[in-house]
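Work through the exercises below with the sequence and the model side by side, and try each task before you read its solution.

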Amino acid sequence: RELLERVLIRFCRSQRLSYKQGLNELLAPVLYLVMRCRAEAANNEQERRRARRRRLRAMAEAVGESRDSAPSYDSETPQNSPMVSPVKHVEVPVEDEVYTLFERFMRSFCLWFYNDPDFRILQLCIHIFRLLLQYHDPSVARALERNHLTPELYAMPWAMTMFARDIELSQVLILWDWMVADKDPALWLYLGIALLLRHREETLTQEASELPGRLHQYQLGPPDQMHELMRSAIEIRQNTPWTTKTQLRRILRHPAPPQRTLVQIEEVLGRYACLVVTPKELLRSLDRGGANPGSAAPAAPEGKEGKEGDTTEVQHDEDLDLVAIDVRPLEVGIESGAGSFAKGTTLGQEAMSTEIFSVWLDHFDAVRGCHICVLGTDHLVVRADAESKTQHYERDADGNLV
């Protein structure tokens, strides 16, 4: 306990932040890992010494020396013995080792949640989590929202402790080992979605009065179930729009992203009730000519994403198979020369009425493995040309989303 407190005080001072609930739950698995590894190393060293003594005894017996005249190898081998390596191991103090591992883990996965005094990054992640759940399973999302179980109640502890709360330390180490190997700081979101989908039937059929208690009892499970859950999380990430994954890369990073980046993403998330994609992602998917869902994306072009020091690299991962429903007014779309999509459906703005749009969605019910993208004109700016008496439709660069 004293070691844990010293490391926490040292970490808070070095990062210039006040202690927040959850730091102790993040440090405990690191401390446990270091102490366990040191204990195993000590046991291994003792076993090596015993094996060395057995080998020396066997050598002495092999050359015909009697047990009485042979030196005793039951005691520790003298330090001046030629069997002892002259190279001495310099042991790192346990506090330094724990602190170093803890700091590196925090910088890679969750430091931004603790050094952000306004919790803006955490709130953005919770909002994206809500949209992701709505995107991957609307029924589960509606069931939870209907019972006032918002992600703030159950997903926030997952983010702040990387699932270290209320599970065995051995399970935490398995999970964190996988996270470190994957290197994606947003992995906890997909894991949380996978956990909810594992308990889908239970969530949909549970009594409203019992659902809050059951929700907090959802566990990662034993190692075999954890590995299955991890594979499900990877699949969910592969079936998430590249635009959303890019948004997460821009905000989940150390050092913290510039304020302009956070403001831009907050405006987008506050404006739309669903996930959005950039025109670049939509066009790249449509240009593939109907490739199978989840197929590898073309090579990423050289370039950077973001402004004011935001140097997050553009990554395409795997493109989704998008189907476009074009609801732009005809005077903006086809009649203005902007064109239409061969792999899509042009409905016009009148199709945005609830009845008509629902009928059209029924036609897409049999399309499995595709993701429907509604293309509107929310960010097309009309520029009037007084001389030629014509109008030009230009994209608003700050809202280039569909």
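## Exercise 1: A histidine in a loop

Task: decide whether His148 is buried or exposed, and describe its place in the chain.

Solution. His148 has a relative accessibility of 65%, so it counts as exposed, where exposed means over 50% relative accessible area, buried under 20% and partly exposed in between, with a 1.4 Å probe and protein chains only. This is a predicted model, in which local features need pLDDT of at least 70 and side-chain atom pairs count only at pLDDT 80 or more, while totals for chains, interfaces and linings use all residues. Residues are numbered from 1 along each chain as its sequence is written, and side-chain values use heavy atoms, with hydrogens and water left out. His148 sits in the loop between α6 (138–146) and α7, where helices (H or I, at least four residues) and strands (E, at least two) are DSSP runs numbered from the N terminus. Turning to the backbone, phi of His148 is near 60°, which is a positive value in a residue other than glycine. Finally, the C-alpha atom of His148 is separated by 9.2 Å from that of Pro212, although the two residues are 64 residues apart along the chain.

## Exercise 2: A phenylalanine after α7

Task: find out where Phe163 lies and whether it is buried or exposed.

Solution. Phe163 belongs to the loop between α7 and α8 (169–182). Its relative accessibility is 5%, and Phe163 therefore counts as buried. Its phi is positive, about 70°, although Phe163 is not a glycine.

## Exercise 3: Two helices that cross

Task: describe how α7 and α9 are placed against each other, and state which residues make the contact.

Solution. Begin with the axes, which are lines fitted to C-alpha atoms, for helices over the stretch in contact, with angles that run from 0 to 180 degrees between N-to-C directions. The axes of α7 (residues 151–161) and α9 (residues 187–198) come within 10 Å and cross at roughly 135°. The two helices are therefore oblique to each other, since angles under 35 degrees count as roughly parallel, over 145 as roughly antiparallel, 65 to 115 as roughly perpendicular and the rest as oblique. Next, list the contact, which means heavy atoms within 4.5 Å: α7 contributes Tyr154, Ala155, Trp158 and Ala159, and α9 contributes Trp188, Gly192, Leu195 and Leu196.

## Exercise 4: A sheet of three strands

Task: work out the strand order of the open sheet that contains β3, and say which strands stand at its edges.

Solution. The order is β4-β3-β5, with parallel pairing, and two strands pair if DSSP finds at least two bridges between them. β4 (344–346) and β5 (371–375) stand at the edges with a single partner strand each, so one side of each has no neighbour in the sheet. On average, neighbouring strands of this sheet are turned by 15° against each other, direction ignored. Strand β3 (residues 322–326) pairs with β5 in the parallel sense over five bridges, and Ala324 stands opposite Cys373 in β5. Helix α15 (residues 279–287) packs on the sheet and touches β3 and β5, its direction making about 115° with that of β3.
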